[in-house]
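User: I am new to this kind of work. Please walk me through the structure and explain how each label is earned.

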Amino acid sequence: MTKYLIIGGGAAGTEAALELRRRSQSAEIVLLSEEEVLPYRRPNLTRTLCGETVPDSQFYQKPELFYTENRIDLKLGERALEIDRSSAAVKTSSGAVFHYDRLLLAAGASARTLPVPGGALPHVFKGRTLRDFTSLETFIAGKDGLSAVVIGGGLLGLEFAEGLLCRNIRVTVVEAFPTPMPKQLDCRGAGIFSAMLTARNGLTARYGRCVKNIGVDAVTLDNGEIIGADVVIWSVGAAPNTALASYSGLAVKRGIVTDRFMRTGDPAVFAAGDCAEANGCVTGLWNPAKEQGRVAAVNMSGGAEEYSAGFQAARFVGFGTRMYSAGLVGLEGDGVVTEYGGDGVKTYSALTSRNGKLVGILLLGDVSSALQLERRLDFSE
Ligand SMILES: Cc1cc2nc3c(=O)[nH]c(=O)nc-3n(C[C@H](O)[C@H](O)[C@H](O)COP(=O)(O)OP(=O)(O)OC[C@H]3O[C@@H](n4cnc5c(N)ncnc54)[C@H](O)[C@@H]3O)c2cc1C
């Protein structure tokens with residue numbers, strides 16, 4: 001009976017467990033998760049900050065019964081501490097030792113922070129886990145007139161900002177780039193979007209600025225400006241969890257290095273999801289993590305399937321607008337601005353082509369054509 005051990009109960013780990021069971025009824029499947037709750041869909045966390053009630057059926061990846069019925073031995077609150085590849089064993093926080101024939105590293109990523117004085121004060125929060133969000137909720141509960149600084153004006157930082165505004169908290173977003181959502185917007189789209197942000201009551205933004213110090217009630221920027229902050233949120237990206245892999249001698253660059261089959265340099269060890277650098281790329285997104293978990297499981301159980309990256313799409317809803325961005329978004333900002341709805345609300349669309357083929361879509365405001373355009377994306381050479 002083959003023993004499969006998976007470290008990490010996120011998108012990649014849970015999908016891998018499911019695929020392993022699909023492919024073998026007799027295999028032993030153990031899924032270790034350091035979090036103490038059932039594996040959940042991480043993107044829902046910012047939805048709950050906006051006060052939205054997400055039913056359990058949508059919040060959790062699978063109900064508890066699913067793991068029992070599929071004989072997936074889910075060990076919650078069990079952190080893998082050390083991998084001994086010579087004896088194919090993993091030691092965990094409870095003192096247990098798990099042996100494996102095939103091991104999947106699906107440990108995800110951790111919220112990145114910057115080495116700024118005061119960066120770990122009690123009113124400074126990260127936004128990666130349910131525990132992070134519960135701590136934030138507990139901190140703001142029942143307090144009026146709060147102000148917050150969100151460090152990072154990317155997609156997630158702006159979701160935080162929107163969530164905090166919904167809770168009547170005044171927000172300043174501090175972004176090191178000269179524009180918001182630098183990965184998704186071109187310069188013209190960013191200009192239109194910035195205008196929408198600043199029109200939102202309670203929100204201000206500082207672009208091209210960094211936080212130099214965090215104090216108990218204010219942050220100081222690199223130009224000396226002091227901004228009042230009862231709450232500070234780190235939203236400066238995620239760092240792949242690679243320590244277990246590198247201590248066990250596996251190759252690590254930005255993430256745990258794998259080939260297109262999600263194999264590391266050790267034929268018994270695979271990696272998938274946010275912790276993995278598959279064929280030179282760390283994706284940091286939900287659907288690719290799931291797909292990598294599935295592909296890893298296929299190959300762990302004797303198959304031969306390559307992971308194909310495809311394009312990455314990002315969506316944002318907030319500040320009275322919608323944004324859809326996929327593929328290669330040009331820097332020039334040569335899209336088309338129109339008005340829709342008859343109330344002066346702007347919509348912006350920029351389509352990027354290469355050799356006559358559509359390779360990038362940016363829509364702001366009216367995103368109703370996103371799916372239709374998405375079907376036309378063509379990255380073939
Ligand atoms: C707030 C938020 C919103 C997001 N919104 C979107 C979105 O809208 N769209 C999108 O595509 N992506 C979104 N993402 C990114 C997406 O959630 C991730 O890409 C995805 O969760 C990656 O899945 P994963 O399985 O690789 O890792 P994770 O989901 O990080 O899961 C890894 C799990 O492994 C556990 N673990 C780590 N180390 C150990 C260990 N040593 N022992 C045992 N367990 C361990 C971790 O605690 C974690 O539970 C969002 C992320 C966040 C934080």
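User: Where is Asn168 found?

Analyst: Asn168 is found in the loop between α6 (155–166) and β11 (170–175). Helices and strands here are DSSP runs (H or I over at least four residues for a helix, E over at least two for a strand), numbered from the N terminus. This is a predicted model, in which local features need pLDDT of at least 70 and side-chain atom pairs count only at pLDDT 80 or more, while totals for chains, interfaces and linings use all residues. Residues are numbered from 1 along each chain as its sequence is written.

User: Why is Asn168 called exposed?

Analyst: A residue is buried if 20 or more other C-beta atoms lie within 10 Å of its own, exposed if 12 or fewer, and partly exposed in between, with C-beta atoms placed from the backbone. Asn168 has 11 other C-beta atoms within 10 Å, so it is exposed. Asn168 also has a positive phi of about 60° although it is not a glycine.

User: What makes Asn279 partly exposed?

Analyst: Asn279 has 15 C-beta neighbours inside 10 Å, so it falls in the range between the two cut-offs. Asn279 lies in the loop between β20 (276–278) and α9, and its phi is positive too, at about 55°, although it is not a glycine.

User: Why does Gly365 count as buried?

Analyst: Gly365 has 23 other C-beta atoms within 10 Å, and therefore it is buried. You will find Gly365 in the loop between β25 (357–364) and α10 (370–374). The C-alpha atoms of Gly365 and Arg322 are 5.0 Å apart, although 43 residues separate them along the chain.

User: How do you know that the length of α6 agrees with what is expected?

Analyst: The expected span of a helix is 1.5 Å times one less than its number of residues. For the 12 residues of α6 that gives 16 Å, and the end C-alpha atoms are 17 Å apart, so the two agree. Helix α7 (residues 187–199) has 13 residues and reaches 18 Å, close to the 18 Å expected.

User: What makes α6 mostly covered?

Analyst: In α6, 10 of the 12 residues are buried, including Leu155, Phe160 and Leu164. The buried residues of α6 pack against α2, β10 (147–151), β11, β12 (203–207), β16 (231–234) and β21 (313–318); two residues are in contact if their C-beta atoms, placed from the backbone, lie within 7 Å.

User: Which residues are closest to the ligand?

Analyst: Gly8, Gly10, Pro43, Gly108 and Gly273 are the closest of the 33 residues that surround the ligand. Elements giving two or more residues to this shell are α1 (11–23), β2 (28–33), α2 (44–49) and α9 (286–300). A residue is near a molecule if its C-beta atom, placed from the backbone, lies within 6 Å of it.

User: Why does the size of the protein chain agree with a compact globule?

Analyst: The globule rule is 2.2 Å times the number of residues to the power 0.38, with the radius of gyration taken over C-alpha atoms. For 381 residues the rule gives a radius near 21 Å, and the protein chain has 22 Å, so the two agree. Along its principal axes the C-alpha trace spans about 65 × 55 × 35 Å. The protein chain has 10 helices and 25 strands, and 40% of its 381 residues count as buried.
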